[in-house]
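Student: Got a minute to go through this one with me? I'd like to work through the contacts.

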Protein chains: 2
Amino acid sequence: MNAIDDKSKAAAALGPRMDASAIQRLLVERICLLRYRPGDQLKEAELAREFGVSRTPVRDALNRISHLGMIESRNGVGTVVVRLSEEQIRHVYEMRLELACLIGKLSPVAPGPAHLAALQGLLQRARRLRDGFKADEYVLINHELHEVIASMIGNSSLRSMWLQTYVQAASTWYMVAQTREAEVTDALLEELTDLVNAVKHGDAEAVGFVQRIHIQYGFAKINAMLEEGGLDAD
Amino acid sequence: MNAIDDKSKAAAALGPRMDASAIQRLLVERICLLRYRPGDQLKEAELAREFGVSRTPVRDALNRISHLGMIESRNGVGTVVVRLSEEQIRHVYEMRLELACLIGKLSPVAPGPAHLAALQGLLQRARRLRDGFKADEYVLINHELHEVIASMIGNSSLRSMWLQTYVQAASTWYMVAQTREAEVTDALLEELTDLVNAVKHGDAEAVGFVQRIHIQYGFAKINAMLEEGGLDAD
DNA sequence: GACAGCTTAGGTGTATGCAGCTTAGCTTTT
DNA sequence: AAAAGCTAAGCTGCATACACCTAAGCTGTC
């Protein structure tokens, strides 16, 4: 029901002092990383207690997030994490397929040693998933991978849209992924291997194409599940 | 300095009662339509007085807008309308060039009689601009044209990005346009004529390409001004 | 027993006061 | 006269109390 339980009042003491921006980042991350699932209610008062602040900064954070299409507030009812319709999911994925190709086209950032190191680190971690799958770790690797990719996008507008579509699609994908652990782990390994090769050649265009290929792969998986009977695997 | 002056307290009586969403729409429109110019300060207290509400709903509206990259708040200083850097302007335009081509590609909405009628109405209004240019009317025609185009975009994600890049680029373009009245009027007439033809054939793909062509035209004009010496024509 | 209406609990929306941050202008010192 | 520091004004950020909206459950009636 409510995704918060383990650290109801512990968090009040762990942060220096949460302001609206920090809360915003945290909430987005929690939604992406599936700690809050589509349909979950985010109660302002509850979050305020957790962070040790008043409702005001929480409200500010929620308001800023609302334009990303991740949450929706209705007066008298509550604020819930948006559950995208099947059509919307398709739209976001179709869009990401196109955006991926633009990564190497619109003023790309030449991938350097830092990118390579980051990817190789993620590859190491992904390999360990084969001998013991951990859903949280899989999600985290994907999340950090996404940030690495974003850092290769030189066009600020494209980068913003890449981020936006990622957060919109993330929870859907991670829900699907949790039902096919072995499959998605192998796919992630392939993706990272391909990316390492692309970055070794300093080829940002190849990075974009690799992304496109694997988005296409994920899209196909999601479509298959949608046609089977939906992904309401709460 | 402050863009509000003529209706400081008049508006308090003209609306039924402004809520945060209504204020949000109004502020976005005012920024697009160049009533607030880049660099202008938007004081919460002042806006609250104008709309006859407290600072809270104004704050909520500003917070929601902030994710569009149109405004920026700094504690102790104020909230200002963002002035995009030259690089950011180029990025947005490069992005719009790509998005335009996707209009006819990603689940387009077949243009119908309603679209045609709307475009022909705009064409009529645009023709009158040749015998007496009015900056406000030029901006309004462009604004409504943009909404017509958006209604032909079936992919919700693409439509959202199309809107987002429009509001980011709008004020820049309208500032440029005001220095070359005859030129941009002719270009607008051509654009509308081309669009009418495309819509007559029910060809959404052609609509996208027409958009691309004219975005390219505007981009070239802006680039020319940037190289001449900037567009700080306050 | 079923349905219409009321009542109440719980959520978001708004108003208001205060705290804290910045900056501009004045004052004071060298 | 110039520069450093102080001071005050004005803005946003935050806290709190209250108003309003919604839905669910109870109650009374038919």
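Student: Let's start with charges. Which residues are linked in a network of salt bridges?
Tutor: A:E44, A:R55, A:R59 and B:D60 are linked in such a network. Keep in mind that this is a predicted model.

Student: How many salt bridges over all chains?
Tutor: The count comes to 22 over all chains. One of them joins the side chains of A:R30 and A:E50, with N to O at 2.9 Å.

Student: Where do A:R30 and A:E50 sit in the chain?
Tutor: A:R30 is in helix α2 (residues 20–32) of chain A and A:E50 is in helix α3 (residues 44–51) of chain A. They are 20 residues apart, and the pair links distant parts of the chain.

Student: Buried or exposed, those two?
Tutor: A:R30 is buried, and A:E50 is buried as well.

Student: And A:R90, what does it form a salt bridge with?
Tutor: A:R90 pairs with A:E86, and the closest N and O atoms are 3.8 Å apart. Both residues lie in helix α5 (residues 86–103) of chain A, four residues apart, about one turn of the helix. A:R90 is partly exposed at 28% relative accessible area, and A:E86 is partly exposed at 37%.

Student: What about B:E228, which residue is its partner?
Tutor: B:E228 forms a salt bridge with B:R180, the closest N and O atoms being 4.0 Å apart. This pair also links distant parts of its chain: B:E228 is in helix α10 (residues 204–228) of chain B, while B:R180 is in the loop between α8 (156–177) and α9 (181–200) of chain B, 48 residues away. B:E228 counts as exposed, with 63% relative accessibility.

Student: Switching to DNA. How many residues surround strand D, and which are the closest?
Tutor: 24 residues surround DNA strand D, and the closest are A:R17, A:S54, A:T56, B:R55 and B:R59. By class, the surface near the strand has six nonpolar, 10 polar and eight charged residues.

Student: Which helices and strands supply that surface?
Tutor: At least two residues each come from α4 (55–66) of chain A and from α4 (55–66), β1 (71–74) and β2 (78–81) of chain B. The largest share, three residues, comes from α4(A).

Student: Which part of strand D is within 4 Å of the protein, bases or sugar and phosphate?
Tutor: Of the strand D atoms within 4 Å of the protein, 67% belong to sugar or phosphate and the rest to bases.

Student: So what lies by the bases?
Tutor: An N or O atom in the side chain of A:T56 is 2.8 Å from a base nitrogen of strand D. A polar side-chain atom of B:R55 is 3.1 Å from a base oxygen. For B:G76, a backbone N or O atom lies 3.2 Å from a base nitrogen.

Student: Rings next. How many aromatic pairs over all chains?
Tutor: The search finds six. Among them, A:Y93 and A:F219 are stacked, 5.3 Å centre to centre with 15° between the planes. A:Y93 is in helix α5 of chain A and A:F219 in helix α10 (residues 204–228) of chain A, so the pair ties together parts 126 residues apart in sequence. A:Y93 is buried at 6% relative accessible area, and A:F219 is buried at 8%.

Student: Which rings link into a cluster?
Tutor: Ring pairs link A:F133, A:Y138 and A:Y174.

Student: Last one: what lies over the face of A:W162?
Tutor: A:R96 does, at 4.1 Å from the ring centre. In chain B, the charged end of B:R96 sits over the ring of B:W162, 4.1 Å from its centre.

Terms used. Residues are numbered from 1 along each chain as its sequence is written. Chains are lettered from A and ligands numbered from 1 in the order in which they are written. This is a predicted model: local features need pLDDT of at least 70, side-chain atom pairs count only at pLDDT 80 or more; totals for chains, interfaces and linings use all residues. Side-chain values use heavy atoms; hydrogens and water are left out. A residue is near a molecule or strand if one of its heavy atoms lies within 4 Å of it. A polar contact is a pair of N or O atoms within 3.5 Å; within protein, one must be able to donate a hydrogen and the other to accept it, and residues adjacent in sequence count only if both atoms are side-chain atoms. Ala, Val, Leu, Ile, Met, Phe, Trp, Tyr, Cys and Pro count as nonpolar, Asp, Glu, Lys and Arg as charged, and the others, Gly among them, as polar. Buried means under 20% relative accessible area, exposed over 50%, partly exposed in between (1.4 Å probe, protein chains only). Rings of Phe, Tyr and Trp (its six-membered ring) pair if their centres lie within 6.5 Å; planes under 30 degrees apart count as stacked, over 60 as edge-to-face and the rest as tilted. A charge sits over a ring if NZ of Lys or CZ of Arg is within 6 Å of the ring centre and within 35 degrees of the ring normal.
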